[in-house]
Amino acid sequence: MNTQILKTASLPYCKGCGHDLIAKHTVKGLEKLGYLPLDVIMVTDIGCHGIIDKCLNTHTVHGLHGRSVALGAGITFGLENPGKKVVVFIGDGGSTIGLQHIMEAARLNLNMTVVVHNNMLYGMTGGQTSGLTPQGFRTTTSYEGNPFDGYDICALSNKAGASYVSRILGIGDISDKMAIALGTKGFSLVEIMEICPSYGVKLNPKRKLQEVVAASGKEPGEWINQRRTFSHQQGKKIGNLLEKTVEIKKTFKHYLKGPKSVVLSGSAGEGVQLAATLLSKAAMRSGLSITQKGSYPVTVGVGFSTAEINLSQKNINFHGIGVPDTVIITSADGLAHNKKRIELMQGGTLFIDSSLEVPPTGAKVMQHNFRGIGARNAAIYAVLFFALKTGFISTESLFKTIEEEGKAEKLPITKIKEALVE
Amino acid sequence: MHEQNKGKRVMIDGSRLIIESLARAGADAFIGYPITPANLLYLYGSQRMDLMFSAPDEITTLQWMSGLSATGKLPVTATSFPGFALMIESINMAYMMELPMVIVLVQRLGPATGTATCGAQGDLLLLKGMMSGGHPLPVLSTSGFEDCWELSEKAVEVALKLRTPVVLLTSKEEVMTQKSFSLEKLSAITPKEKPFYNLDCEYKSYKPTDLVPDFLPVTQEKHQVRFNASTHDQQGILQHSNEEAMANTRRLEEKVVEKMKDFLFYELDEQKGAQKLLVAYGISSQAARDALKALREAGEKVSLLIPKTLLPAPDGYLEIFNLYNKVVIAEESINNQLGDVIYGRCKPSHLHFVGSIGKMITPEEIMKEVKA
Ligand SMILES: Cc1ncc(C[n+]2csc(CCOP(=O)(O)OP(=O)(O)O)c2C)c(N)n1
Ligand code: SF4
């Protein structure tokens, strides 16, 4: 097996490009730590630094511009062997388009090393200003010098929670410094400062790397967080989602003829969806097929709450409800939400709380004091009243469902029963 | 099917069936970012899958999935258009890298954020055109609870056999509505094989055997593995446009077109002597089933086609269309996207369309168009 991580000493960069030094010294750092080529998964970004793959004997993953840290993160999630090493090569450009990915990997303190090739501009696309270009540094798109200061990617990563962050000048033998980062447990990031000769050096001819770095105020250094590294914190798993569903056996009779659509509507927080579910389950208990869906504003705690239910002896395909057969309204919110529908009803029944004004409708109207039992119980009471008056299903099937679902203690059952008798 | 569930009649939603089926078929990781109407899938995914990660956005979601897939896992996510739009470049990446995964796309009303809680069928053309180069992405569409179960299993199989991302297309009303359902109707699901290369001789990440290259994860140390989203040769090394690399890019298209022929799913309810064909997929197929029944009861002769393999568009659909004098497509959009997939912009005069936005198409609307 090949023990050499690098295939060739001649790397595909422009003459004098700092990427050459970074690649060679990353490899040297890995070898110092004893890594064999196929223990290393090298994830490379899009940019000049990313064309290194073909020169490597490691596993190589070459993805999208800016996304390599997230891609590498995904790999760390799937690695079960702690002897494996994920290394990400990314540019200064890649680190701003993918800034979120770096922050996230640092926050989770994932086991990986990110090598930021900060050559102070976008190399591959023609020397444009990047988010890490220092103030005053000239690029092909800020000829007078970048008017803004660049991000401090080290400070950001450190603050986000990286175990180890360092900034180093891309000069001389940096392999020991690389090895420190590469050998760190958890998330490490090294920002290596260099100037792209093809654009940066040309446009800033008299400036030296040390001077540019010093002027930017982003001096070399190390920043450490003593933190727990990432481990899979999986909550309790359900081995079979179907087992979690409750079997509903037919134990009651129904008296439904033909399919019926029911709309139940009231105010958020008044148990409308629960009442609808109890009605659906009681209907199933009575041998009927059902469909049920809810509708409410995005802010689920205020405004209307509507449930649409279909009841049928047969299997239900289409579950939409245009003009319903039955509408049950327990509050002003519910009325406002369904007023149009009620007006379109040519038959059927409208059950409506007696405090509300009845809109013009072709439906038979049954007014009743649903809210008298307490606003929170109005919906369930209305559903029981509906069962009693239509006889589609028995109130017993509903009471049984309430009991089986463990809701009996929370409801004033005796009061409800008395009210129903009246 | 587990024995104890036989015959069990429950109140259930499509989301639960999809996640359980995916998990049984071999999906082992769920990555999610919340979005209505895919939130139930997210919830169940987090409860059921061996691995679960909450991503900070949908680009990250797809990248994390790709990383997991490179380690040999079969990751799943569920989203809706706004999230899916963010994933597109990364799905292209996974397609190019040939990484298996399943993306459940729950359609809702667009454009843009549109209405989060309103269903729709408006994403088919997006799916058709989302790959740069026009390459086809496998898309399976559910049209009922049985499909939520069976096609989810198939989606896993396609992903693994073809080494590709697969979209399971559904919509709000299919995955958020509770229905009474007998679990008896669910077929047994066996875990799908994850076929890894196991020979000693040289391994090339993109050397195909019968169009699909053998897979190896980056977790092993026997062979060097390369995954590459840039144009590449069989070794997975970046190339500009040489012959080997172009052959590889062409193969990606051919692989999906050819191999998806083994995954042609549709329902055809033919009536002898019928000159009219009703076509509907996804949520609209439920109204179409009711419409068909009512039309036949009223003496109308009609056949019904429910396409389930939507992309790459099987040639067989056009052949079926051509057997009828009148074809009516029902789709919850205003622009007959399925018609576009089959015919392009030049739709024949015998093709009719029932569309809708903001509400489901009703059986009555379909019947009216078929009768007209
Ligand atoms: C999403 C996306 N936007 C833009 C590009 C174009 N692009 C390719 S490389 C690059 C910048 C590379 O700069 P950097 O990351 O600093 O790496 P360098 O070339 O300097 O090594 C850009 C913008 C792309 N590939 N993808
Ligand atoms: S353009 Fe600049 S960054 Fe790219 S290889 Fe050449 S010198 Fe290096």
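Guide: A residue is near a molecule if one of its heavy atoms lies within 4 Å of it. This is a predicted model, and its ligand shells are read with that cut-off.

Visitor: Which residues, on that reading, are around ligand 2?

Guide: The shell of ligand 2 consists of C14(A), C17(A), H19(A), C48(A), N119(A), C196(A), P197(A) and S198(A). Sorted by class, five of these residues are nonpolar, three are polar and none is charged.

Visitor: How many residues surround ligand 1, and which are the closest?

Guide: Ligand 1 is surrounded by 18 residues, with H19(A), C48(A), D92(A), G93(A) and G123(A) the closest. The classes here are six nonpolar, ten polar and two charged residues. Helix α3 of chain A, residues 92-97, contributes four residues, the largest share of this shell.

Visitor: Why is the site of ligand 1 described as shared between chains?

Guide: The residues around ligand 1 come from both chain A and chain B, so the site belongs to the two chains together.

Visitor: Which atoms lie at short range from the oxygen atoms of ligand 1?

Guide: Three pairs may be cited. The side chain of D92(A) places an N or O atom 2.7 Å from an oxygen atom of ligand 1. For G93(A), a backbone N or O atom is 2.8 Å from a ligand 1 oxygen atom. For H49(A), a polar side-chain atom lies 3.0 Å from an oxygen atom of ligand 1. Taken alone, ligand 1 has 590 Å² of accessible area, and the protein covers 77% of that.

Visitor: I should like to turn to the sheets. What holds the strands of a sheet together?

Guide: Strands pair through backbone hydrogen bonds, in either a parallel or an antiparallel sense. In this structure, one open sheet has eight strands with mixed pairing, in the order β13(A)-β12(A)-β11(A)-β8(A)-β10(A)-β9(A)-β8(B)-β1(B).

Visitor: Which strands stand at the edges of that sheet?

Guide: The edges are β13 (364-368) of chain A and β1 (9-13) of chain B; each has a single partner strand, so one side of each lacks a neighbour in the sheet. On average, neighbouring strands are turned by 20° against each other, direction ignored.

Visitor: Where can a parallel pair be inspected in this sheet?

Guide: Strand β8 (residues 260-267) of chain A and strand β11 (residues 326-329) of chain A run parallel and are joined by four bridges. Within that pair, V262(A) has T326(A) in β11(A) as its bridge partner.

Visitor: Which strands do helices α10 of chain A and α1 of chain B lie across?

Guide: Helix α10 (residues 332-344) of chain A lies across β8, β9, β10, β11 and β12 of chain A, at about 145° to β8(A). Helix α1 (residues 14-25) of chain B lies across β1 and β8 of chain B and runs at about 90° to β1(B).

Visitor: What is the strand order of the five-strand sheet in chain B?

Guide: That open sheet reads β12-β14-β13-β16-β17, again with mixed pairing. Its edge strands, β12 (266-269) and β17 (351-355) of chain B, each pair on one side only. Inside the sheet, β13 (residues 276-280) and β14 (residues 302-307) of chain B pair in the parallel sense over four bridges. L277(B) has S303(B) in β14(B) as its bridge partner. Helix α9 (residues 284-297) of chain B packs on this sheet, touching β12, β13, β14 and β16 of chain B, and its direction makes about 170° with that of β14(B). Helix α12 (residues 363-371) of chain B also packs on the sheet, with a direction at about 160° to that of β16(B).

Visitor: What is usual for phi and for peptide bonds?

Guide: Phi is negative in most residues other than glycine, and most peptide bonds are trans. The following cases depart from that pattern. The bond joining T36(B) and P37(B) is cis, with omega about 5°, and P37(B) is in the loop between β2 and α2 of chain B. The bond from G110(B) to P111(B) is cis as well, with omega near -5°; P111(B) is in the loop between β5 and α5 of chain B. N109(A), which is not glycine, has a positive phi near 55° and lies in the loop between α4 and β4 of chain A.

Methods. Residues numbered from 1 in each chain as written. Chains lettered and ligands numbered in written order. Predicted model: local features only at pLDDT ≥ 70, side-chain atom pairs only at ≥ 80, totals over all residues. Heavy atoms only, no water. Polar contact = N/O pair within 3.5 Å; in protein donor to acceptor, adjacent residues only side chain to side chain. Areas by Shrake-Rupley, 256 points an atom, 1.4 Å probe, with all protein chains shown as cover. Helix = DSSP H or I, 4+ residues; strand = E, 2+ residues; numbered from the N terminus. Nonpolar A, V, L, I, M, F, W, Y, C, P; charged D, E, K, R; others polar. Pairing = 2+ DSSP bridges. Contact = heavy atoms within 4.5 Å. Axes fitted to C-alpha atoms, helices over the stretch in contact; angles between N-to-C directions.
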